Amino acid sequence: MPPRVLISDSLSPAAVEIFRLRGIEADFEPSLGKDKDRLAAAIAAYDGLAIRSATRVTADVLARADRLKVVGRAGIGVDNVDIPAATAKGVIVMNTPSGNSVTTAEHAIALMFALARDIPAADASTKRGRWEKNRFLGVEIAGKTLGVIGCGNIGAIVADRALGLKMRVLAFDPFLTEERAQAIGVEKVDLDDLLARADVISLHTPLNAQTRNILSAEALAKTRRGVRIINCARGGLVDEAALRRALEDGHVGGAALDVFAVEPAIDNPLFALENVVCTPHLGASTAEAQEKVALQIAEQMSDYLTRGAVSNAVNFPSISAEEAPRLAPFVALAEKLGLLVGQIARCGVDTLSVTFEGAIAREKTKALTAAALAGMLRPILDSVNPVSAPAIAKERGLSVDEVSRAAQSDYESLVTLVAKTRDGDIKVAGTVFHDGKPRLLRIGEINVDAEFAPSMIYTENEDRPGYIGRFAGALGESQVNIATFALGRDRPGGRAVALVAIDGPLPEATLAELRALPGVKQAITLKF
Ligand SMILES: NC(=O)C1=CN([C@@H]2O[C@H](COP(=O)(O)OP(=O)(O)OC[C@H]3O[C@@H](n4cnc5c(N)ncnc54)[C@H](O)[C@@H]3O)[C@@H](O)[C@H]2O)C=CC1
Ligand SMILES: O=C(O)C(=O)COP(=O)(O)O
């Protein structure tokens with residue numbers, strides 16, 4: 001069955017075309033995103049969901065998304081997606097970090113001019129037949145100081161355009177280095193400094209706990225009288241009630257807002273004020289930007305759904321389309337080694353260490369560690385996958401560490417898992433041979449060479465003559481056919497392990513018989 005994608009927002013039709021070319025069924029239902037109940041009712045049928053800002057991907061929607069593997073945001077902000085809920089569900093969330101940044105920066109500049117020259121009001125007045133030449137006395141932009149709050153992709157483009165307009169540009173961004181500030185020609189300042197010096201302030205940060213109400217009543221009180229404020233980022237960055245008061249008492253000279261605390265903004269109290277210019281979240285709305293983000297998100301989602309490549313995900317490491325096929329057998333190996341550990345462990349694991357040696361150590365091992373962790377957790381949590389596993393581990397206080405080093409064995413690549421439990425360490429290691437199949441090479445310090453099979457028996461016993469005969473006899477009597485048999489021991493007469501692939505399940509009674517054989521320390525069934 002081909003993957004199915006739902007487009008629940010008004011994306012460019014270019015996206016549908018890309019999905020179809022990539023063998024993906026795409027349903028284009030741009031009104032669905034605005035109707036959370038209909039979206040929740042429909043989502044179970046889809047592997048992918050492509051959205052813009054109108055679709056809210058809430059925990060409720062995700063709870064019904066049984067097949068969903070990826071949410072693709074054709075744009076930048078993912079604040080309309082419940083990322084922790086998506087991660088817990090194993091759903092990748094990806095965006096297109098730069099496709100609409102020039103367009104949005106241009107909108108900020110357009111709004112700055114709209115404010116400086118009162119263009120919307122002058123336009124309305126002129127069209128009403130009034131020739132109010134004396135009413136609209138503007139301000140010149142050249143020589144003024146722009147304060148950019150958040151100097152990432154869009155903030156830096158706004159700064160560049162403002163410098164071209166002969167403005168002085170201050171930037172407040174805790175993550176902006178002095179070198180980068182110099183390279184883009186802005187003065188890096190702290191927030192208070194920016195507030196005190198800027199004639200125009202433009203916001204370009206994501207909305208998060210640190211940035212919510214970054215322009216609060218207190219912050220607005222620190223600005224220059226007559227300051228103009230532009231927000232093309234997210235509504236919650238400005239305290240709208242405080243801004244209204246500051247506009248009413250004339251401290252703030254004007255505000256241009258593309259985004260609002262509640263969207264769609266139908267009757268925001270700021271609408272009543274003359275010195276406020278509003279647009280309905282149009283920052284990214286140009287033909288060029290929409291074409292770019294739609295194409296980009298459709299490509300990224302298709303790459304993930306058809307090839308396992310991950311790019312621009314906010315909750316999973318990137319894996320390119322070239323790397324994906326190289327990594328896939330190792331993802332399977334890591335997951336199977338994890339499953340083996342999870343099934344052997346008799347109590348909870350406190351720490352999982354994953355060591356990569358040789359060629360594999362040079363690949364994107366974070367995805368492999370996540371796969372190992374998912375495998376280890378699967379015996380207790382059915383639906384865990386590499387996307388959700390790290391968050392689940394964190395929540396349970398299970399620490400995970402990863403080591404990469406040069407080859408220290410005869411194998412080109414070796415992956416070793418060590419799980420620390422209250423009952424002691426469990427160590428397993430494996431590789432992928434040239435046939436592309438994962439192989440188990442070591443349990444503890446014992447060498448074995450076993451393929452993973454859907455149904456297996458694992459035993460640990462004292463190395464004594466007659467054990468294999470008795471073991472095979474018990475299976476034969478129960479009509480259980482042995483497919484492959486792998487043995488290993490630490491020394492003659494020491495500790496031995498057997499990994500036996502069988503056709504079909506093992507009856508409980510036969511398992512009990514195996515456990516009762518002389519010298520058996522552990523006998524369990526394994527599923528891969
Ligand atoms: N109005 C619209 O239609 C559009 C709005 N946006 C919004 O614009 C905003 C910026 O987007 P990009 O520049 O692409 O993001 P970005 O991630 O490239 O830049 C954001 C910058 O904010 C900085 N930042 C983070 N926390 C901060 C804090 N506490 N104080 C100051 N700076 C902080 C970061 O260091 C980063 O440099 C986002 O909120 C995005 O959702 C983006 C596209 C269209
Ligand atoms: O990309 C962003 O962050 C935006 O805010 C653009 O929103 P939109 O895709 O126009 O609904």
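**A walk through the sheets, helices and ligand sites**

Let's start with an open sheet of six strands, whose pairing is mixed and whose order is E14-E13-E15-E16-E17-E18. Its edges are strand E14 (399–405) and strand E18 (446–451); each has a single partner strand, so one side of each is left without a neighbour in the sheet. From one strand to the next, the twist averages 20°. Bear in mind as we go that this is a predicted model.

Within this sheet, look at strand E15 (residues 413–421) and strand E16 (residues 424–432), which pair in the antiparallel sense over seven bridges. If you would like a pair of residues to find on screen, take Val418, whose bridge partner in E16 is Lys427. Strands of a sheet pair through backbone hydrogen bonds, either parallel or antiparallel.

Two helices pack on these strands. H13 touches E15, E16 and strand E17 (438–443), and its direction makes about 155° with that of E16. H14 lies across strand E13 (349–358), E14 and E15, and it runs at about 140° to E13.

How do the two helices sit relative to each other? Two packed helices are described by the angle between their axes and the distance between the axes. Here the axes of helix H13 (residues 323–344) and helix H14 (residues 365–377) come within 6 Å and cross at roughly 35°. The crossing in which H13 passes H14 is right-handed. On the H13 side the contact is made by Leu327, Phe330, Val331, Ala334, Glu335, Lys336, Leu337, Gly338, Leu339, Val341 and Gly342, while H14 contributes Ala367, Leu368, Ala371, Ala372, Leu373, Ala374, Gly375, Met376 and Leu377. Sorted by class, this contact of H13 with H14 has 15 nonpolar, three polar and two charged residues.

Now step back to the chain as a whole. The domain assignment gives domain 1 (1–99 + 285–316), domain 2 (101–278), domain 3 (320–444) and domain 4 (452–528). Taken over C-alpha atoms, the centres of domain 2 and domain 3 are separated by 49 Å.

A second sheet is our next stop. This open sheet of four strands has the order E20-E21-E19-E22, with antiparallel pairing. E20 and strand E22 (520–527) are the edge strands, each pairing on one side only. The twist here averages 15° from one strand to the next. Helix H17 (residues 508–516) lies across strand E19 (455–462) and E22, with its direction at about 150° to E22.

The pairing of E20 and E21 deserves a closer look. Strand E20 (residues 482–489) and strand E21 (residues 495–502) run antiparallel and are joined by seven bridges. Leu487 stands opposite Ala498 in E21, and Arg489 has Ala496 as its bridge partner in E21. The hairpin they form has five residues between the strands, and Gly493 takes a positive phi near 80° there.

Let's turn to the ligands. Which residues come nearest to ligand 1? Of the 31 residues around ligand 1, they are Gly77, Gly150, Gly152, Phe175 and Gly283. Helix H5 (101–116) and helix H7 (153–164) are the elements that give two or more residues to this shell, and H7 supplies the largest share, three residues. The shell around ligand 1 draws at least three residues from each of domain 1 (1–99 + 285–316) and domain 2 (101–278). By class, it has 13 nonpolar, 15 polar and three charged residues.

Ligand 2 has around it Arg52, Ser53, Gly75, Ile76, Gly77, Asn100, His281, Gly283, Ala284 and Ser285. These residues divide into two nonpolar, seven polar and one charged. Gly77 and Gly283 may look familiar: they come up among the residues nearest to ligand 1 and again around ligand 2.

His281, part of the shell around ligand 2, is worth a pause for its backbone. Its phi is near 50°, a positive value in a residue other than glycine. His281 is placed in the loop between E12 and helix H12 (287–307).

Another backbone detail rounds off the tour. Glu263 and Pro264 are joined by a cis peptide bond, with omega about -5°. Pro264 is found in the loop between strand E11 (252–257) and strand E12 (276–278).

How values were computed
Residues are numbered from 1 along each chain as its sequence is written. Chains are lettered from A and ligands numbered from 1 in the order in which they are written. This is a predicted model: local features need pLDDT of at least 70, side-chain atom pairs count only at pLDDT 80 or more; totals for chains, interfaces and linings use all residues. A residue is near a molecule or strand if its C-beta atom, placed from the backbone, lies within 6 Å of it. Ala, Val, Leu, Ile, Met, Phe, Trp, Tyr, Cys and Pro count as nonpolar, Asp, Glu, Lys and Arg as charged, and the others, Gly among them, as polar. Domain bounds come from an automatic or database domain assignment. Two strands pair if DSSP finds at least two bridges between them. Axes are lines fitted to C-alpha atoms, for helices over the stretch in contact, and angles run from 0 to 180 degrees between N-to-C directions. A crossing is left-handed if the near helix is turned anticlockwise from the far one by less than a right angle, and right-handed if clockwise. Two residues are in contact if their C-beta atoms, placed from the backbone, lie within 7 Å.
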